[in-house]
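Morning, everyone. Please look at the model on the screen while I talk. I'll go through the sheets, and then the pockets.

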Amino acid sequence: MPVLPLIETYADELTAVRRDIHAHPELGFEEERTSSIVAEMLTSWGIEVHRGIGKTGVVGVLQGKGGGTRSIGLRADMDALAMDELTNLPYASQNPGRFHGCGHDAHTTMLLGAARYLAETRDFDGRVVFIFQPAEEGRGGAKAMIADGLFEKFPCDEIYGMHNDPMADENTFAIKPGVEMAGASIFEITINGVGSHAAHPHQSHDPVMVATQLVQALQSVVSRNVRPTDPAVLSVTQIHAGSAFNVVPDKATIAGTIRCFSEEVRDMMHARVEDICAGLARSFDVEIDAKVTPLFSVLKNDEALSHAYVDAARDILGEDRVTVSDKLITGSEDFSDMLAVVPGAYCRIGHKGGVPLHNSGFIVDDDMLPVGASVMARIVEKRLPL
């Protein structure tokens with residue numbers, strides 16, 4: 001297997017740690033158990049530990065053999081998704097409605113593996129900052145850590161992260177220099193009409209009819225307002241209204257997401273959603289409350305550091321398993337907020353699976369754990385050479 005030999009010696013321990021975290025998933029800003037495991041392990045390896053950065057975040061600091069002052073950040077996320085697990089694994093989630101369906105348990109474990117290796121070898125000249133972030137899944141964990149002074153207290157010259165990819169070939173590395181992942185917003189729209197008996201719809205201002213019109217109209221934002229050369233997505237994912245077959249309700253709600261790759265397009269799409277709602281409110285004599293909230297920034301990898309990450313990955317995986325991609329990803333990632341402050345890069349590590357992320361049947365391949373740990377450790381050795 002393409003891994004650093006020392007990391008290979010504790011691959012089984014990494015699997016045990018990952019499966020334990022997997023069995024006890026915690027939502028964003030609730031990662032008390034997970035952060036305690038992380039802090040205890042870092043401390044046992046002689047790494048300086050700081051807790052409570054971004055509420056449940058953990059930061060470890062390690063000095064290398066040399067006296068250098070340059071510093072590299074390595075980041076992993078710790079939170080789970082609010083969904084049920086349907087894998088039937090022996091170590092499946094013991095917390096109903098909580099599931100590591102995005103593989104953050106693997107990300108945490110890979111960074112722990114890199115931390116252990118670097119603590120044992122210290123074959124680098126400078127400092128490593130291990131960042132274990134809470135609340136990546138839309139709850140603003142990166143921003144919370146930054147607001148708590150992450151980079152003032154633990155300055156980093158550059159920073160690196162990674163994500164598992166069950167849809168790629170196993171033991172592969174992929175990265176796109178420059179803009180790679182979409183920024184994301186959510187919209188929540190409430191239509192306040194007038195209800196009535198369903199036999200007398202003329203007495204109502206029907207919010208259900210308005211909702212159906214609104215769903216159709218929102219589809220015009222991308223198709224008729226965004227330039228065809230600017231990738232963007234608007235998806236309506238929720239419609240809620242009524243509770244009886246013979247009652248026109250007085251309220252309906254719609255929710256969904258917006259994805260795009262520039263602030264200009266984002267601002268325009270936000271404005272169009274609000275304008276469409278205002279227009280339909282006037283047309284149907286109802287009140288429409290539209291809340292459009294940005295969640296994730298566009299993720300942009302530093303060009304030079306992306307290629308440095310590629311060089312490190314080639315040392316571990318070989319030339320033919322490392323890809324410099326030109327494909328944009330419409331998924332989002334709040335590591336983008338850290339990259340907006342400190343230059344760095346974000347990659348994907350492929351593993352066996354075939355079930356996509358955020359699916360109740362998603363399974364992480366534990367064989368990837370020493371692979372990701374090795375790539376993270378190697379970027380430190382390459383960027384902070386003795």
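Start with the open sheet of eight strands, in a model that is predicted, not experimental. Read across it and the strand order is 1-2-4-3-5-16-6-15. The pairing is mixed. For the newcomers, here is the background: strands of a sheet pair through backbone hydrogen bonds, either parallel or antiparallel.

Which strands stand at the edges? They are strand 1, residues 48-51, and strand 15, residues 322-324. Each has a single partner strand, so one side of each is left without a neighbour in the sheet. From one strand to the next, the twist averages 20°.

Now zoom in on one pair. Strand 6 is residues 173-175, and strand 16 is residues 344-350. These two run antiparallel and are joined over two bridges. Look for Ala174: its bridge partner in strand 16 is Arg348. Keep both residues in mind.

Next, the helices on this sheet. Helix 3, residues 32-44, packs on it and touches strand 1, strand 2 (58-63) and strand 4 (127-133). The direction of helix 3 makes about 160° with that of strand 1. Helix 12, residues 368-383, packs on the sheet as well. Helix 12 touches strand 3 (71-77), strand 4, strand 5 (158-165), strand 6 and strand 16. Against strand 5, the direction of helix 12 makes about 165°.

One loop residue deserves a stop. Thr172 sits in the loop between strand 5 and strand 6. Is Thr172 buried or exposed? Its relative accessible area is 15%. Buried means under 20%, so Thr172 counts as buried. And what is Thr172 in contact with, leaving aside neighbours within four places in sequence? The answer is Leu317, Arg321, Arg348, Ile349 and Gly350. There is Arg348 again, the bridge partner of Ala174.

On to another sheet. This one is open, with four strands in the order 10-12-8-13 and antiparallel pairing. Strand 10 (232-241) and strand 13 stand at its edges. Each has a single partner strand, so one side of each has no neighbour in the sheet. Neighbouring strands here are turned by 15° against each other on average, direction ignored.

Take strand 8 and strand 13. They pair in the antiparallel sense over nine bridges. Within that pair, Glu188 stands opposite Lys291 in strand 13. Helix 9, residues 263-284, lies across strand 8, strand 10, strand 12 and strand 13. Helix 9 runs at about 165° to strand 13.

Last topic: pockets. Rolling a probe the size of a water molecule over the atoms shows where empty space is left. The largest pocket has a volume of about 620 Å³. Its lining has 22 residues, and the closest to its centre are Glu137, Arg259, Phe296, Ser332 and His358. Strand 8 (183-192), strand 12 (251-260) and strand 13 (287-296) each supply at least two lining residues. Strand 8 gives the largest share, three residues. By type, the lining has nine nonpolar, eight polar and five charged residues.

The second largest pocket holds about 220 Å³. Of its 14 lining residues, Ala174, Ser325, Lys327, Ile329 and Arg348 are the closest to its centre. So much for keeping Ala174 and Arg348 in mind: there they are. This lining divides into five nonpolar, three polar and six charged residues.

That's my tour. Thanks for listening.

Notes
Residues are numbered from 1 along each chain as its sequence is written. This is a predicted model: local features need pLDDT of at least 70, side-chain atom pairs count only at pLDDT 80 or more; totals for chains, interfaces and linings use all residues. Side-chain values use heavy atoms; hydrogens and water are left out. On a 1 Å grid over the protein atoms alone, a cavity is a set of points where a 1.4 Å probe fits but cannot get out, and a pocket is an open set with protein on both sides within 12 Å along at least five of seven lines; lining residues have an atom within 4 Å of a point. Grid points are joined across faces, edges and corners, and a volume is the space filled by probe spheres set on the points. Ala, Val, Leu, Ile, Met, Phe, Trp, Tyr, Cys and Pro count as nonpolar, Asp, Glu, Lys and Arg as charged, and the others, Gly among them, as polar. Two strands pair if DSSP finds at least two bridges between them. Axes are lines fitted to C-alpha atoms, for helices over the stretch in contact, and angles run from 0 to 180 degrees between N-to-C directions. Contact means heavy atoms within 4.5 Å. Buried means under 20% relative accessible area, exposed over 50%, partly exposed in between (1.4 Å probe, protein chains only).
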